[in-house]
Amino acid sequence: MITIEENKSLQQLHTFHLSVSARWFAEYQSIEELIDLLKTDLLRENPFLQIGGGSNLLFTSDYEGVILHSKIKFIEVVSETSEYVTVKAGSGVVWDDFVKYSVSNGWGGVENLSLIPGEVGASAVQNIGAYGVEVKDIILQVEAIEVATGKERTFTTAECMYGYRDSIFKKEMKGKYIITSVIYLLRKNPVYHLDYGNLRHAIGNKNINLQTIRDTVIEIRKSKLPDPDDYGNAGSFFMNPVIPVSQYNLLKEKYPEIPFFPVDTQSVKVPAAWLIDKAGWKNKMLGGAAVHDKQCLVLINKDNAVAKDIIDLAQNIVDSVKSLYGITIKPEVNYI
């Protein structure tokens, strides 16, 4: 059943927990309901925004339009072979519930992405990633509804044009399609990815399997990232910058300990957390916003912050990193 509410508080519907509201809020539970909604005057005459778990959003003010949310929740096996299983999940499924389901069935590919906040639909928009794995690595197809026509369309992985925390749904197709489900290709004989960050070290002498990797990733994330119910946050606020190898080599002369991860022969990825930490931002506050004391990539709503506090703090960090290292770091969070 379609649910429509007026003057809806968004405080519990996005993880920064700012005191903002939406003029309207609409929720649907099926593709048919979404198509019906798109035909209404409410959506034809007002701007609208599709959200998932609200874990990658910073509302800069009240939203004077319609916030849409999917409650399409199902997980089903589409096909399988001796090596692979194809699994389809509705856009409203909580991402970590999908990871838990996959791991419990012994299907590999998503274990490194455990405990990332958000929902299945948003995972395919954002190309979420962690510990050397991106969701594009296991996405087979993305099913969506065209906003203008209400017609269904299936995107292949190639058509999604995935990049680092990027996709066609954030560029050319932004606002033109609403994702309804995602089809993933998982391995029955998992290939483990343990060499990014401190994952292999954290596993230690434990027996390496999907559940051990999932448990370890969850343990690491919980040790670094604050619970949004304690301090509102959007997880990693900034993307890790990719810079030319030549620029990295110059920085290494001045900062011998600067870490990196190879991207290709011409470029490397530098951890934004290291840049921010070495610039002295850990635990610094501006208004009610602060840099988390355990993970510099995370900006938190520490004391009833307003959007301007977070925006100003983020910009000060960007300016500082640019001044020190000549590197421009960019927010991963979407300003609305």
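Strand 10 and strand 11 (residues 152–156) run antiparallel, joined by five bridges. You are looking at a predicted model, and this pair is a good place to start the walk. Follow the chain from one strand to the other and you will trace a hairpin with five residues between the two strands. In its turn, G150 has a positive phi of about 75°. Within the pair, A144 stands opposite R153 in strand 11.

Now turn to the other neighbour of strand 10. Strand 10 (residues 139–146) also pairs with strand 12 (residues 177–187), again in the antiparallel sense, over seven bridges. Two facing positions help to fix the register: E146 stands opposite Y177 in strand 12, and E143 stands opposite S181 in strand 12.

Step back and the wider sheet comes into view. Five strands make up this open sheet, in the order 6-7-12-10-11, with antiparallel pairing. Strand 6 (75–80) and strand 11 are at the edges; each has a single partner strand, so one side of each is left without a neighbour in the sheet. On average, neighbouring strands of this sheet are turned by 25° against each other, direction ignored. As a reminder, strands of a sheet pair through backbone hydrogen bonds, either parallel or antiparallel.

Helices lie across this sheet too. Helix 1 (residues 31–38) lies across strand 10, strand 11 and strand 12, and runs at about 40° to strand 10. Helix 3 lies across strand 6, strand 7 (84–90) and strand 12, where the angle to strand 12 is about 20°.

Helix 3 also leads us to a pocket. Helix 3 (95–104), strand 2 (21–28) and helix 6 (210–224) each supply at least two residues of the lining of the second largest pocket. That pocket holds about 690 Å³ of space. It is lined by 30 residues, and those closest to its centre are T15, S55, P117, G118 and P228. By character, the lining divides into 12 nonpolar, 11 polar and seven charged residues.

Further along the chain there is another sheet to visit. Here four strands form an open sheet in the order 13-19-18-17, and the pairing is antiparallel. Strand 13 (232–233) and strand 17 (285–286) stand at its edges, each with a single partner strand, so one side of each has no neighbour in the sheet. Inside the sheet, strand 18 (residues 289–291) and strand 19 (residues 299–301) pair in the antiparallel sense over three bridges. One of the partnerships to look for is A290 with I300, its bridge partner in strand 19. Helix 9 (residues 307–325) lies across strand 17, strand 18 and strand 19, running at about 35° to strand 18.

Let's finish with side chains. The whole structure contains 13 aromatic pairs. One of them joins Y248 and F260, a tilted pair with 4.9 Å centre to centre and 50° between the planes. Y248 lies in helix 7 (residues 245–254), while F260 sits in the loop between helix 7 and strand 15 (261–262), so the pair ties together parts that are 12 residues apart in sequence.

Methods
Residues are numbered from 1 along each chain as its sequence is written. This is a predicted model: local features need pLDDT of at least 70, side-chain atom pairs count only at pLDDT 80 or more; totals for chains, interfaces and linings use all residues. Side-chain values use heavy atoms; hydrogens and water are left out. On a 1 Å grid over the protein atoms alone, a cavity is a set of points where a 1.4 Å probe fits but cannot get out, and a pocket is an open set with protein on both sides within 12 Å along at least five of seven lines; lining residues have an atom within 4 Å of a point. Grid points are joined across faces, edges and corners, and a volume is the space filled by probe spheres set on the points. Ala, Val, Leu, Ile, Met, Phe, Trp, Tyr, Cys and Pro count as nonpolar, Asp, Glu, Lys and Arg as charged, and the others, Gly among them, as polar. Two strands pair if DSSP finds at least two bridges between them. Contact means heavy atoms within 4.5 Å. Axes are lines fitted to C-alpha atoms, for helices over the stretch in contact, and angles run from 0 to 180 degrees between N-to-C directions. Rings of Phe, Tyr and Trp (its six-membered ring) pair if their centres lie within 6.5 Å; planes under 30 degrees apart count as stacked, over 60 as edge-to-face and the rest as tilted.
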